[in-house]
Amino acid sequence: MLLLARVFPGPNNGMAYAVAPIEDKYKVVPTTDPLRDAHELQRRGERVLVLYSLSTPLFVEIWQEVREVASKYPVVAGGPHAAGDPITLLKLGVKYVVIGDGEVALPAIVEREAEGLEEVPPNTLMLVDGRVRAGRRIYAELIHKTYSTSLGAYPPIEIMRSCAYRCTFCQTWFHGSVRYRPVENVAQMVKHYVAAGREEIRFIAPVGFLYGSTDGKTPNVDALVGLLRAVREAGGRPYLGTFPSETRPETVTRDVLGAIKPFVANRRLSFGLQSGSERLLASTKRDHDVAVVEEATATAVKMGFKPVVDVIAGLPGEEEEDVVATVKAMERLVSMGAHIRLHYFMPLPGTPLWGREPKPPHPLYWDFLKRHRKRVEGYFEEQIRLSRAILETYRLLTLTTPSSSAT
């Protein structure tokens with residue numbers, strides 16, 4: 001059995017995580033043209049399984065390719081989009097859709113294909129006789145390697161999976177109980193990264209400063225220091241609390257910043273306001289108010305960090321007064337020394353806000369951008385286009401995909 005891993009320009013982090021646990025047992029071949037390569041390999045007598053790791057932006061771009069490949073070869077699709085909307089992928093012909101921890105699912109899927117087994121693999125959905133069947137749910141320990149030699153990919157090291165918060169625009173909290181990668185395992189991964197020339201060590205975590213938290217909401221300073229010290233001792237330069245291990249404003253305290261500052265290589269700190277409207281903060285279940293974000297900003301600046309605050313424009317239900325409150329909050333944060341990373345709401349499958357239309361970008365946001373161009377980061381205009389593309393794609397998909405029954 002040979003695995004064709006569909007890769008794209010960029011880091012291919014999701015695919016690296018998918019194949020890392022199995023690449024020592026099965027041959028993994030990267031491909032940018034799965035139809036061509038699968039045809040050639042089959043001609044040589046090889047059995048192939050085509051792998052996709054899908055985010056929603058990527059799905060919007062390549063869903064027709066996925067349908068075409070799946071009509072000819074067995075396809076496995078995983079990633080956040082697959083977990084969020086597995087049924088559409090099944091309707092497009094994908095044989096295996098991974099909806100849970102891939103470290104458990106993919107080895108079982110490959111074994112099923114190789115040996116002709118009948119049981120639906122764990123953490124996987126399949127169509128069997130026109131009906132959706134689900135494998136049992138199994139949660140993995142975070143102990144598998146995080147890099148792929150087959151792809152030459154060394155992604156940020158995932159140190160935390162799932163989240164204790166329930167923000168309605170996010171799906172990270174759907175992944176079971178909060179789990180952490182053991183420090184010893186992190187140190188082992190870092191040694192491999194450093195040996196490969198990757199001394200800059202970044203992490204994947206829904207809330208970077210909650211690594212090792214006993215309740216998922218209270219920082220564990222000893223665990224944070226232990227993690228960072230282990231990375232330093234393994235030869236790495238750790239970046240924590242910045243992309244892609246942004247944190248929450250409640251965790252940006254003097255105790256936390258004072259403890260991590262001697263170890264982290266970054267001085268940028270990223271945390272979310274999301275909206276300056278207390279009403280929208282409550283409706284999106286952020287579990288904090290605007291004052292907490294202002295306090296975190298002031299603390300970060302005093303401790304020698306540069307705060308980068310995330311804001312989402314166009315949230316469903318956003319009204320004029322919400323926009324006014326958000327712009328006023330951003331003005332205060334900028335005056336305190338923060339940069340703003342301005343986003344536009346993108347409807348993502350699997351989140352509670354999926355199916356809700358974004359509000360059109362309000363002129364006040366454009367005015368703020370013009371006033372503070374040097375203090376605003378992000379891909380606001382690109383996300384507006386992408387949000388529209390997601391909606392347009394799904395309108396088209398409702399016309400082109402058949403219905404299925406689920407059990």
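**Asking why, one residue at a time**

Colleague: Why is E200 called partly exposed?
Modeller: This is a predicted model, and in it E200 has a relative accessible area of 39%. Buried means under 20% and exposed means over 50%, so 39% puts E200 in between, as partly exposed.

Colleague: What makes E200 and R202 a salt bridge?
Modeller: Their side chains meet at 2.9 Å, N to O. The cut-off is 4 Å between a side-chain nitrogen of Lys or Arg and a carboxyl oxygen of Asp or Glu, so the pair at 2.9 Å qualifies. R202 is partly exposed too, at 24% relative accessibility.

Colleague: How many salt bridges does that rule give?
Modeller: The count comes to 22. One of them joins E103 and R161, where the closest N and O atoms are 2.6 Å apart.

Colleague: How do you know that E103 and R161 link distant parts of the chain?
Modeller: Look at where they sit: E103 is in helix α6 (residues 102–115), R161 is in strand β9 (residues 160–161), and the two are 58 residues apart.

Colleague: And is R161 buried or exposed?
Modeller: Buried. Its relative accessibility is 9%, and buried means under 20%. E103 goes the same way by that cut-off, because its relative accessible area is 12%. This pair also belongs to something wider: D101, E103, E158, R161 and R179 are linked in a network of salt bridges.

Colleague: What makes R279 and D322 a salt bridge?
Modeller: Their side chains come to 2.5 Å, N to O, and the limit is 4 Å. R279 lies in helix α10 (residues 278–283) and D322 in helix α12 (residues 320–335), so this bridge ties together parts 43 residues apart in sequence.

Colleague: Why is D322 called buried?
Modeller: Because 3% relative accessibility falls under the 20% mark. R279, its partner, is partly exposed: its value is 44%, which lies between 20% and 50%.

Colleague: Let's move to N123. Where is N123 found?
Modeller: In the loop between α6 and β6 (124–128). N123 is buried, because its relative accessibility is 1% and the cut-off is 20%.

Colleague: What does N123 touch?
Modeller: Leaving out residues up to four places away in sequence, N123 touches several residues, among them V97, G100, D101, A105, R136 and I138. With I138 there is a polar contact as well: the N123 side chain reaches the backbone oxygen of I138 at 2.8 Å, and the limit for such a contact is 3.5 Å.

Colleague: Why are α7 and α8 called roughly parallel?
Modeller: Their axes cross at roughly 25°, and angles under 35 degrees count as roughly parallel. So α7 and α8 get that label. The axes of α7 (residues 183–195) and α8 (residues 221–233) come within 9 Å, and the crossing is right-handed.

Colleague: Which residues meet there?
Modeller: V183, V186, A187 and V190 come from α7, and G226, L227, A230 and V231 from α8.

Colleague: How do you know that α3 and α14 are roughly parallel to each other?
Modeller: By the same kind of step. Their axes cross at roughly 30°, and under 35 degrees counts as roughly parallel, so the label fits α3 and α14. Here α3 passes α14 in a left-handed crossing. The residues that meet include F59, V60 and W63 in α3, with L386, A389 and I390 in α14.

Colleague: What makes E61 exposed?
Modeller: E61, in helix α3 (residues 56–70), has a relative accessible area of 63%, and exposed means over 50%. Its C-alpha is 8.9 Å from that of A389, although 328 residues separate the two in sequence.

Colleague: What is the phi of Q274?
Modeller: Near 75°, a positive value in a residue other than glycine. Q274 lies in strand β13 (residues 268–274) and is buried, because its relative accessible area of 10% is under 20%. N12 also has a positive phi, near 55°, and lies in the loop between β1 (2–6) and α1 (13–19).

Colleague: Last one: is the peptide bond from F243 to P244 cis or trans?
Modeller: Cis, with omega near -5°. P244 is in the loop between β12 (237–239) and α9 (254–260).

How values were computed
Residues numbered from 1 in each chain as written. Predicted model: local features only at pLDDT ≥ 70, side-chain atom pairs only at ≥ 80, totals over all residues. Heavy atoms only, no water. Helix = DSSP H or I, 4+ residues; strand = E, 2+ residues; numbered from the N terminus. Buried < 20%, exposed > 50% of the residue type's maximum accessible area, 1.4 Å probe, protein only. Polar contact = N/O pair within 3.5 Å; in protein donor to acceptor, adjacent residues only side chain to side chain. Contact = heavy atoms within 4.5 Å. Axes fitted to C-alpha atoms, helices over the stretch in contact; angles between N-to-C directions. Parallel < 35°, antiparallel > 145°, perpendicular 65-115°, else oblique. Left-handed = near helix turned anticlockwise from the far one by under 90°.
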